[in-house]
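Here's a quick briefing on where the ligand sits and what the pockets look like. Have a look at the model first, then read on.

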Amino acid sequence: MLDDPRAIAHLDSRGMLALVGRFGPMVADGWAAARDAPAPAGRISAIVICGMGGSGIGGDLLRAALAPASPIPVLVNKSDRLPAFVGSSTLVVACSYSGNTEETLAAYDAAGRAGAAVAAITSGGALATRARERGDAVVTVPTGLPPRSALPLLLMPMLRIAAKMRLIELADADVERTAATLGRLADEWGPARPLRENHAKGLAQTLHGARPVIYAASPLTEPVALRWKTQLNENSKVLAWCGAFPELGHNDVVGWDGAGDAASYHVVILRDEGDGAADARRVAVTRDGILGRARGCEEVWSAGTGPLARMLSLVLLGDFVSCYLAGLRGVDPTPVEAIDRLKARLAGA
Ligand code: F6R
């Protein structure tokens with residue numbers, strides 16, 4: 001089925017695979033969108049990113065990208081309220097693709113009341129309107145996409161603001177190289193490349209019929225494991241689980257040991273050339289000792305030069321896998337009716 005373009009086009013009628021294929025160009029577009037975004041004027045002692053779902057994951061990726069060098073903490077807030085420390089020396093970035101997500105809007109309003117420096121990243125909606133009215137910095141990205149497929153458009157402006165604040169070293173050339181790497185990988189994993197030489201299609205086939213568990217080997221890939229889980233939820237319409245070494249060695253392993261249905265789970269471990277010797281040892285020992293009880297377990301490796309490209313290469317792989325798994329399951333990756341229904345009911349309540 002995965003090598004039949006007509007069957008894929010029929011199921012993926014709204015073109016999610018084509019959007020995933022545009023990940024590289026969207027990295028460049030997202031970076032360009034924030035060219036004129038100002039860095040906050042005063043002294044900033046912490047950053048809080050507010051966003052939900054496909055708009056919140058950019059905050060998780062930003063936090064992981066900044067962690068190795070940033071002198072100030074970065075927190076991701078996935079709720080409608082803010083931690084009490086937020087004040088005039090905090091930068092709050094409200095990120096909502098639609099601009100109408102109630103939790104993000106509530107956190108954005110709370111940031112204004114707390115006197116924080118505020119920036120908004122959105123394609124429009126109430127967030128864009130309120131931010132303009134209040135005179136906050138707004139980065140506007142193109143409208144009309146499923147929010148989760150706009151990830152590069154939402155992440156790159158945050159990275160550009162962080163680069164302007166000198167929290168990360170990232171120049172135009174790094175972004176161009178990253179976009180080119182992702183473009184090349186999209187060719188390798190895209191629908192035109194047949195199953196026998198397509199890693200993403202092969203992985204989708206491996207996961208088909210199993211319960212997917214995605215583990216990150218080290219902190220850089222921890223948010224990527226969450227992205228795989230949420231893309232498997234939203235695109236493939238399956239339940240999925242994620243976790244990260246070394247924490248999983250302090251709890252999940254007991255579940256693996258005791259679970260009568262361990263053989264229904266398939267584990268994917270996200271690996272990166274930046275994983276340390278201790279990370280590699282934990283993976284090897286856990287695979288041998290515990291994960292042998294799963295239906296299967298594989299390690300998939302990042303590609304590209306530099307932490308950003310490597311992190312995003314694994315995001316891209318997971319995005320493709322989730323679309324192909326949707327195809328194998330006979331579902332359209334784009335609609336997320338359960339989310340729409342929930343939002344409508346909550347708005348009406
Ligand atoms: C839909 C998706 C969702 C949304 C979430 C928040 O594609 O991924 O997880 O991202 O419901 O909505 P926005 O992104 O508009 O703030």
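Helices here (H or I, at least four residues) and strands (E, at least two) are DSSP runs, numbered from the N terminus. This is a predicted model, so to speak of local features takes pLDDT of at least 70 and side-chain atom pairs count only at pLDDT 80 or more, while totals for chains, interfaces and linings use all residues. Residues are numbered from 1 along each chain as its sequence is written, and side-chain values use heavy atoms, with hydrogens and water left out.

**Around the ligand**

- The ligand has 14 residues around it (near means a heavy atom within 4 Å), and S55, S96, S98, T101 and R148 come nearest.
- Three side chains offer an N or O atom to a ligand oxygen: T101 at 2.5 Å, S96 at 2.6 Å and S98 at 2.7 Å.
- On its own the ligand has 400 Å² of accessible area (Shrake-Rupley method, 1.4 Å probe), and the protein covers 93% of that.
- Helix 4 (53-66) and helix 14 (337-348) each put at least two residues into this shell, with helix 4 giving the most, 3 residues.
- By class, the shell has 5 nonpolar, 6 polar and 3 charged residues; Ala, Val, Leu, Ile, Met, Phe, Trp, Tyr, Cys and Pro count as nonpolar, Asp, Glu, Lys and Arg as charged, and the others, Gly among them, as polar.

**The largest pocket**

- A pocket is an open set of points on a 1 Å grid over the protein atoms alone, where a 1.4 Å probe fits and protein lies on both sides within 12 Å along at least five of seven lines; lining residues have an atom within 4 Å of a point.
- The ligand takes up space in the largest pocket, which holds about 1000 Å³ (the space filled by probe spheres set on the points).
- Of its 38 lining residues, G53, G54, E234, I339 and K343 are closest to the centre.
- Helix 4, helix 5 (102-113), helix 10 (222-234) and helix 14 each give two or more lining residues, and helix 14 has the largest share, 8 residues.
- That lining splits into 14 nonpolar, 12 polar and 12 charged residues.

**The second largest pocket**

- About 300 Å³ of space lies here.
- It's lined by 17 residues, and I168, E169, G306, P307 and L308 lie nearest its centre.
- Helix 4, helix 8 (172-189) and helix 13 (307-329) each supply at least two of them, and helix 13 has the largest share, 4 residues.
- The class count for this lining is 11 nonpolar, 3 polar and 3 charged residues.

Definitions and conventions
A polar contact is a pair of N or O atoms within 3.5 Å; within protein, one must be able to donate a hydrogen and the other to accept it, and residues adjacent in sequence count only if both atoms are side-chain atoms. A molecule sits in a cavity or pocket if more than half of its atoms lie within 2 Å of its grid points.
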